[in-house]
Amino acid sequence: MQAISDFLTWLFNDRTGVICLILGGIVVCLLIAIIMERTTKRRYFNHEKGESDWDLFGDDSE
């Protein structure tokens with residue numbers, strides 16, 4: 001129990017811990033966005049591209 005307390009103290013009170021917390025949040029949000037983009041692309045695979053459509057992964061060659 002002391003190890004968990006020490007870890008949380010380091011995570012929220014130390015500058016390095018806060019930076020790790022922020023970077024970890026950015027990485028988690030980025031992974032969620034990529035997974036959701038791929039799922040949406042797989043679900044709507046027959047959607048015709050219009051002039052205003054753009055692709056995150058750039059599969060088309062223009």
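Two helices count as roughly perpendicular when the angle between them is 65 to 115 degrees. Keep that in mind as you work through this predicted model.

**Exercise 1.** Find out how many helices and strands the protein has, and what percentage of its residues are buried.

*Solution.* Start with the count: there are two helices and zero strands. Next, look at burial: of the 62 residues, 5% are buried. Finally, check the surface: the protein exposes about 6000 Å², and 63% of that comes from carbon and sulfur atoms.

**Exercise 2.** Work out how α1 and α2 are oriented to each other, and which residues make the contact.

*Solution.* First, locate the helices: α1 covers residues 2-13 and α2 covers residues 15-43. Their axes lie 5 Å apart, at an angle of about 85°. That angle falls between 65 and 115 degrees, so α1 and α2 are roughly perpendicular. Now for the contact: α1 brings in Trp10, Leu11, Phe12 and Asn13, while α2 offers Arg15, Thr16, Gly17, Val18, Cys20 and Leu21. Sort these residues by type and you get six nonpolar, three polar and one charged.

**Exercise 3.** Search the whole structure for aromatic pairs and classify what you find.

*Solution.* The search turns up one pair. Its members are phenylalanine 7 and tryptophan 10, with ring centres 5.9 Å apart. Their planes meet at 35°, which is neither under 30 nor over 60 degrees, so the pair is tilted. Both sit in helix α1, and because they are three residues apart, about one helical turn separates them. As for exposure, phenylalanine 7 has a relative accessible area of 46%, so phenylalanine 7 is partly exposed. Tryptophan 10, at 32%, counts as partly exposed too.

How values were computed
Residues numbered from 1 in each chain as written. Predicted model: local features only at pLDDT ≥ 70, side-chain atom pairs only at ≥ 80, totals over all residues. Heavy atoms only, no water. Helix = DSSP H or I, 4+ residues; strand = E, 2+ residues; numbered from the N terminus. Buried < 20%, exposed > 50% of the residue type's maximum accessible area, 1.4 Å probe, protein only. Areas by Shrake-Rupley, 256 points an atom, 1.4 Å probe, with all protein chains shown as cover. Axes fitted to C-alpha atoms, helices over the stretch in contact; angles between N-to-C directions. Parallel < 35°, antiparallel > 145°, perpendicular 65-115°, else oblique. Contact = heavy atoms within 4.5 Å. Nonpolar A, V, L, I, M, F, W, Y, C, P; charged D, E, K, R; others polar. Phe/Tyr/Trp six-rings, centres within 6.5 Å; stacked < 30°, edge-to-face > 60°.
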